[in-house]
Amino acid sequence: MHETLRYAALALAVAACGGPVTGPRPVAARLANPATTFNQLQAISAVTNTPLFESFTVLAPRFTPASATGSVALALALDFAARYSRWRRSEPRTAHHRVPTPSATAPASSPGTTFVWDPDTSGYIASADSGAPANGERFVLYAISQRSGLPSVPVAPIGYVDLTAPAPAPDSSGAGVTLVGTPAGAPATTYASYSVAAGAASATTLVGFVTDGTTRLELDVRSDSTTTPGALTVISAIAVPTQNVQVSESVTVSGGDTARMTTDLRLASDGETVRATGDVTIDTTSRIGSGQMTVSVNDCAFATITLGGPDLVFDPAPGVTLSTDDETTLRALFSTSFELYGTERVLLIPVPFSTTWRGGERRTD
């Protein structure tokens, strides 16, 4: 009886992966167009691989005292995304790929104030500049020096971030974050706009968008530290209208000296769903990781990505032959799974869990 059931289950699985139970050999799982999938992943990555977002990543931890609580997992995610990404392997590591460094001090809250960078103190100070929202604050962003990882001297403004307090209940949609680029000789352009709201217990939601001017990611993100004891789970739904792509991801991070990250990334487009599930353990001191990520196409096994040496190793599923384009796309999947988590955590930095607003003023409890 058990053998019959096992055979029936196997037959159904084989049939579902593109072949009949009897007759010709079933067709192995494959990517319909690996180059298209790679281009979609590259477009998603490009959204945050800009000088403006790099400046935001570096400087956002210096906006508020609460931002000084760094995230080891965030640093590791950004590091892994850069280290194993095909489109960055020949490029120098930039400040965007380094750990966001919190400052020892941060400016006191002052609604309606624009804060500017002071090279002498390597921190933000209040200015007499106008333009800040009355119910929040403005922080000017600058071109980042690749040598120091801080704003270059003399400073070169390239945009700003507006932080606004949530409206009073019942109309409140959370604290607002708006990222605006101000290129010389061109109109100001909004590159991100989203709200962050604290829910029940330790849950936080983020809703809005981020773009590089070409590709726009519509974000709906929920982070929760109560579902798994001692761990943080981030669940996100991302729409990429210009790429005709829907992305969903669940990431759970736990550990201390050794961090464990389990990821589940799905990319759906034109009737094809590519799923990558990973379980990676990383030494937080050496930043050396080990683990695997399994990839399926329309629920059929496609490949396994193994981490444990100087580079990723790609092993095809039985019956699958991996082309060079397939391996390039698999590398992009691995990188994107970490990069999306890192991006979502970076977006939360200006409004960390311990920051509240009262009467339009930012406070740290």
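**Helix packing and salt bridges in the predicted model**

In this predicted model, helices α2 and α5 run roughly parallel to each other, because their axes cross at roughly 25 degrees and angles under 35 degrees count as roughly parallel. The two axes, of α2 (residues 34-46) and α5 (residues 324-348), come within 9 Å, and α2 passes α5 in a left-handed crossing. On the α2 side, the contact is formed by P34, T37, F38, L41, I44 and S45. Their partners in α5 are D325, D326, T328, T329, A332, L333, T336, E339 and L340. Sorted by character, the residues of this contact comprise 7 nonpolar, 5 polar and 3 charged.

We can turn next to charged pairs. Across the whole structure, 6 salt bridges are found, and three examples are described here. One of them joins the side chains of D162 and R138, with an N to O distance of 2.7 Å. Since D162 belongs to strand β4 (residues 157-164) and R138 to strand β3 (residues 136-142), this pair ties together parts that lie 24 residues apart in sequence. Both ends are sheltered: D162 counts as buried at 12% relative accessibility, and R138 counts as buried at 13%.

A salt bridge also links D279 and R260, at 2.6 Å from N to O. Here, too, distant parts of the chain are connected, with D279 in strand β12 (residues 272-283) and R260 in strand β11 (residues 258-269), 19 residues apart. D279 is partly exposed at 30% relative accessibility, as is R260 at 40%.

The side chains of D224 and R222 meet at 3.3 Å, N to O. In this pair D224 is buried, at 8% relative accessibility, whereas R222 is partly exposed, at 40%.

Notes:
Residues numbered from 1 in each chain as written. Predicted model: local features only at pLDDT ≥ 70, side-chain atom pairs only at ≥ 80, totals over all residues. Heavy atoms only, no water. Axes fitted to C-alpha atoms, helices over the stretch in contact; angles between N-to-C directions. Helix = DSSP H or I, 4+ residues; strand = E, 2+ residues; numbered from the N terminus. Parallel < 35°, antiparallel > 145°, perpendicular 65-115°, else oblique. Left-handed = near helix turned anticlockwise from the far one by under 90°. Contact = heavy atoms within 4.5 Å. Nonpolar A, V, L, I, M, F, W, Y, C, P; charged D, E, K, R; others polar. Salt bridge = Lys/Arg side-chain N within 4 Å of Asp/Glu carboxyl O. Buried < 20%, exposed > 50% of the residue type's maximum accessible area, 1.4 Å probe, protein only.
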